[in-house]
Amino acid sequence: MLKMSRTLGFATGLLAAVAGTQLPEFAQQYRQRLGGAIDELRTVMQRFDADAAVSGMDRSEAMRRLTESSDAFTSHHGSSMGEAAVRLERLQAQQRAFAESGPLQRLVVFAHGTDPILVANTWRDFEPATPVTIESFTIGGLAFFLGYGLIRALATPFHRLSRRRRLRAEGRMRA
């Protein structure tokens with residue numbers, strides 16, 4: 001029984017380690033999408049700023065005029081541009097936080113402020129991989145020990161029961 005629980009614990013630990021390494025990989029794929037989203041939103045906002053400048057306005061004046069327009073389409077377009085500008089600032093702040101963080105801190109940054117659209121798109125296209133980074137080794141190791149420890153902890157009562165039965169069968173323990 002002891003050998004079986006060790007083997008099962010080891011197998012569970014390995015599976016947990018492989019699964020655990022996917023979190024850093026997912027976060028890495030998310031960071032790639034983050035960079036792409038920032039590049040694209042920056043291009044959109046630069047075009048908007050250039051259009052505003054040609055008309056003698058800055059970004060805030062152009063957005064104000066659009067959102068206050070009596071034309072519904074124009075007003076909605078102004079609101080959309082405002083949301084795009086806010087999202088760009090939020091994504092850039094997250095990118096800076098990733099850049100300023102160490103390997104394991106990046107996972108904390110990822111957990112505290114992801115963009116729901118980017119997470120959904122990353123998940124949709126996610127391809128599991130085995131990254132060879134400090135993050136993945138650390139998370140994988142922790143996951144291994146948690147998986148192994150869980151199985152061993154769950155098996156402990158059965159070890160005691162098995163030992164008692166063996167001792168009774170050998171006549172060393174009274175019933």
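This is a short walk through one predicted model, from the overall fold down to single residues.

Start with the fold. The protein chain has seven helices and zero strands. Read from the N terminus, the order is α-α-α-α-α-α-α. The chain has 175 residues, and buried residues make up 31% of them. The exposed surface is about 11,600 Å². Carbon and sulfur atoms supply 60% of that area.

Now the contacts. Take those in the protein chain with a separation of 6 or more. Of these, 77% are between residues 24 or more positions apart. Keep that in mind for the examples to come.

Next, the aromatic residues. How many aromatic pairs are there? The count comes to six. One of them is Phe26 with Phe126. Their ring centres are 5.4 Å apart, and the planes meet at 65 degrees. That geometry is edge-to-face. Where do the two residues sit? Phe26 is in helix 2, residues 22-54. Phe126 is in the loop between helix 6, residues 116-125, and helix 7, residues 134-170. The two are 100 residues apart, and the pair links distant parts of the chain. Both Phe26 and Phe126 are buried.

Phe126 has another partner, Trp123. Here the ring centres are 6.2 Å apart. The planes are at 10 degrees, so this pair is stacked. Is each partner buried or exposed? Phe126 has a relative accessible area of 17%, so it counts as buried. Trp123 has 61% relative accessibility, so it counts as exposed.

Step back to the whole group. Phe26, Tyr30, Phe98, Phe110, Trp123 and Phe126 form one aromatic cluster. There is a charged residue to note as well. Arg31 lies over the face of Phe98, at 5.7 Å from the ring centre.

Stay with helix 2 for a moment. Glu25 is in this helix. Which is it, buried or exposed? Glu25 counts as buried, because its relative accessibility is 10%. Look across to Phe126 again. The C-alpha atoms of Glu25 and Phe126 are separated by 9.0 Å. Along the chain, these two are 101 residues apart.

What about the length of helix 2? The helix has 33 residues. At 1.5 Å a residue it should span 48 Å. The end C-alpha atoms are 48 Å apart, so the span agrees. Just after helix 2 comes Gly56, with a positive phi of about 80 degrees.

On to helix 3, residues 59-67. Its buried residues include Ala62, Met63 and Leu66. How do the buried residues lie around the axis? Seen down the axis of helix 3, they fall within an arc of 95 degrees, so they line one face. They pack against helix 2 and helix 4, residues 72-100.

That brings us to helix 4. It has 29 residues, and at 1.5 Å a residue it should span 42 Å. Its end C-alpha atoms are 42 Å apart, so this helix agrees with expectation. Buried residues in helix 4 include Ser75, Gly78, Met81, Ala84 and Ala85. Further along, Arg87, Leu88, Leu91, Gln94 and Phe98 are buried too. Phe98 is the ring under Arg31, and part of the aromatic cluster. What covers the buried residues of helix 4? The cover includes helix 2, helix 3, helix 5, residues 103-112, and helix 6.

Pause on Arg87, in helix 4. Arg87 counts as buried because its relative accessibility is 19%, and the cut-off is under 20%. Which residues does Arg87 touch, leaving out those up to four places away in sequence? The contacts are Leu41, Asp115, Ile117 and Leu118. Leu41 is 46 residues from Arg87 along the chain. Their C-alpha atoms are separated by 8.4 Å.

Last stop, helix 7. Ile151 is found there. Its relative accessible area is 16%, so Ile151 is buried. Now compare sequence with space. Ile151 and Thr7 are 144 residues apart along the chain. Their C-alpha atoms are separated by 9.7 Å.

To recap. The predicted chain has seven helices and zero strands. Six aromatic residues, Phe26, Tyr30, Phe98, Phe110, Trp123 and Phe126, form one cluster. And of the contacts with a separation of 6 or more, 77% are between residues 24 or more positions apart.

Conventions
Residues numbered from 1 in each chain as written. Predicted model: local features only at pLDDT ≥ 70, side-chain atom pairs only at ≥ 80, totals over all residues. Heavy atoms only, no water. Helix = DSSP H or I, 4+ residues; strand = E, 2+ residues; numbered from the N terminus. Buried < 20%, exposed > 50% of the residue type's maximum accessible area, 1.4 Å probe, protein only. Contact = heavy atoms within 4.5 Å. Areas by Shrake-Rupley, 256 points an atom, 1.4 Å probe, with all protein chains shown as cover. Phe/Tyr/Trp six-rings, centres within 6.5 Å; stacked < 30°, edge-to-face > 60°. Lys NZ or Arg CZ within 6 Å of the ring centre and 35° of its normal. Expected span 1.5 Å × (residues − 1). Arc of directions from axis to C-beta.
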